[in-house]
Amino acid sequence: MHWPKGVDGLCYGGDYNPEQWPEDVWDDDVALMREAGVNLVSVGVFAWARLEPKEGEYDFGWLDRALDKLHEGGIGVDLATPTASPPPWFTLAHPDALNTRPDGTLQVHGSRDTYDVHAPAYREASLRIAAKLAERYAEHPALAMWHVHNEYGSTSHSPHAERAFRVWLRRKYGSLEALNQAWWGSFWSQAYSEWDQILAPRATQYLTNPAHELDFKRFTSDALLDHFRTQRDLLRAANPQIPITTNYVFGDWVPVDQWRWSGEVDLVGFASYPSAADETAERQSALHADLARSWAGGEPWLLMEQSASGVHTRHGAIAKSPGRMARHSMIHISRGSKGAMFFQWRSGRGGAEQWHSALVPHAGKNTRVFREVVEFGRALPGIAEAKDAPVEADVAILWSPESWWATGGHASLPADVDYFENVAQIHRVLRDRGVTVDFVAPEGELGGYSTVIAPSTYVLSKAAAENLRWFTAGGGRLVASYFTGAVDEHCQIWLDGFLGGLTDLFGIRVLEHLPQPAGELRALWNFGAAERFCELVELRGAQCVTQYATGDVIENQPAVTVNPFGEGEAWYVSCKLVDDAWDRLFEALELNGPGMPGVDVVDRGRWRFIINHTDAEAQVGHVIVPAGAWTVDERPA
Ligand code: GAL
């Protein structure tokens, strides 16, 4: 059920938009796909206007012909519902169904994602087109998987959103009294006396209420999920044999809590677009892959999109050097992906993304890029056996989307806290030490890990705090860093020492937050340095591992502590350490793996994947991997 139906081996392909091309190009497409070993393409992702050119008038002829042609060529189809881009006729007929920004601006058609997921007209139109596709294609032999929508992530602040938000809040809090308490409504006269007074967090005069903001993100995640579910259920009813996915997008603007979504999809699909072209691209790819696998509960998942030949940066799309496309793909496959899919098959001639790279570039098949695509496609069947093998990790990093959301939008924290960077830092330092990690939700299953690291987990619910206590008491090693458990699930500050109330677990109290100017370092005795953020800590039974060497209030005060608790121990890092200091701490904790900086070594089932991103030969055990190359070997016993 989870595997794209009828697709053997690892999935290879990408978004394919036959509707953008004359039909005489399609034969060439299928021939080139066969040459490259492509076995799966995502079709129809933004094709709503071609499928339903006028309300209630459908044109499926072109899609019939495209699917038949793909099937004849032996290529499976991941068929999308096109609901991420409503056509102009829809938005003109239903202006109330446009996405509304916090300042009230309606986002008119002319781009994509111009919909309000809460608008009844949009919900109806989405279901109608999805039902038509289900009716026509559920039994089509090319159909391997359904791809619902595209990159759920649009927030709308419309009157429809507000009505739905109030219903969601009523269900959550039961009474206005409870809501006013949870939101600390006595501050700035924000207490509500009627449900209808509650708005979406729209543009207002000055700072907004963090609890209100956080609940609105949670609500939006649930509403988007509900939109997914309604489509999923009707597609599933049409043919229960076809797995259903959607492609997650990743970024701080995305109000999707993937921990809550992943049980709802048959296969976790993820779009990975690193944001910088230096070695950050490999680091982020590895982090994306580990997140996706963890969201999938350790099960295989699928890299649904990556760029074929450019890394998108603020300075344009920097071309991937020879071999880099294959290495990025292998990062994902080694970390549990069922294949490597791309945006997109063929570069378009027009439209907003006309300069986006593709497996078939504008210059056609006689290009470096397409030759690499063919070469990599031919290598994949050789490693197909690994496709369902699990990746095992002994160390986990806590991933708290709520901490990301709550610190990101908060204008009055003691200092900027870049939650994502703090998580990414732990991931990159461990990756450079060769350690493969999972991610885990704050309230998730921790039992299988020897060490759990909680970087700046700002929002810590009582349940999550108890989860950490239980993990440590049972013999786990917990390592938390500054600002962990600063607030509870309602963004209310944990009193009497912060730490989510876990002062006994850590054997300390945090007394004060002491940010320092950006760029200034504060030395720790024998331990490197801290930047930006330190906390004044009082020992309450914990041992001090190292102290601050400088700083007026903080000099000689504990910087890193450890406390035995039950069968385990709880470490606390009261500052933002630089990479080198984390590395020393992990050295002391003996967190080591077979990889090394620039060389990914990941064990998946009985296979060992070695990916050498450096420009020198690498040796791992008896295996020698040339510069810029990858290999898959038997995992050592
Ligand atoms: C993805 C999206 C694709 C395409 C791509 C460009 O986020 O799903 O449709 O826009 O980005 O990099």
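**Exercise 1. Find what packs over the buried face of α6, then describe the helix.**

Start with the cover: α5 (120–137), α7 (176–182) and α8 (210–238) are among what covers the buried residues of α6. Helices here are DSSP runs of H or I with at least four residues, strands are E runs of at least two, and both are numbered from the N terminus. Before going on, keep in mind that this is a predicted model: local features need pLDDT of at least 70, side-chain atom pairs count only at pLDDT 80 or more, and totals for chains, interfaces and linings use all residues. Residues are numbered from 1 along each chain as its sequence is written, and side-chain values use heavy atoms, with hydrogens and water left out.

Next, list the residues being covered: His160, Ala161, Glu162, Phe165, Arg166, Trp168, Leu169 and Tyr173 are buried in α6. Buried means under 20% relative accessible area, exposed means over 50%, and partly exposed is in between (1.4 Å probe, protein chains only).

Now check the length. Helix α6 runs over residues 159–173, 15 in number, and spans 21 Å from first to last C-alpha, close to the 21 Å expected at 1.5 Å a residue. That expected span is 1.5 Å times one less than the number of residues. Finally, look just past the helix: Gly174 follows α6 with a positive phi near 80°.

**Exercise 2. Work out how α1 sits against α12, and what the contact is made of.**

Take the axes first. Helix α1 (residues 24–36) and helix α12 (residues 368–379) have axes that come within 7 Å and cross at roughly 55°. So α1 counts as oblique to α12. For the cut-offs, under 35 degrees is roughly parallel, over 145 roughly antiparallel, 65 to 115 roughly perpendicular, and the rest oblique. The axes are lines fitted to C-alpha atoms, for helices over the stretch in contact, with angles from 0 to 180 degrees between N-to-C directions.

Then go to the residues: from α1, Leu32, Glu35 and Ala36 meet Phe370, Val373, Val374, Gly377 and Arg378 of α12. Contact means heavy atoms within 4.5 Å. Sorting the residues of this contact gives five nonpolar, one polar and two charged. Ala, Val, Leu, Ile, Met, Phe, Trp, Tyr, Cys and Pro count as nonpolar, Asp, Glu, Lys and Arg as charged, and the others, Gly among them, as polar.

**Exercise 3. Trace the strand order of the open three-stranded sheet, then follow one pair.**

The order is β25-β26-β29, with antiparallel pairing. At the edges are β25 (599–604) and β29 (630–634), each pairing on one side only. On average, neighbouring strands of this sheet are turned by 20° against each other, direction ignored.

Zooming in, β25 and strand β26 (residues 607–612) pair in the antiparallel sense over six bridges; two strands pair if DSSP finds at least two bridges between them. Asp603 has Arg608 in β26 as its bridge partner.

**Exercise 4. Two non-glycine residues have a positive phi: where are Trp188 and Asp496, and how accessible are they?**

Trp188 isn't a glycine, yet its phi is positive at about 55°. Look for Trp188 in the loop between α7 and α8. Its relative accessibility is 46%, so Trp188 counts as partly exposed.

Asp496 isn't a glycine either, and its positive phi is about 65°. Asp496 lies in the loop between β17 (477–481) and α16 (503–506). At 57% relative accessibility, Asp496 counts as exposed.
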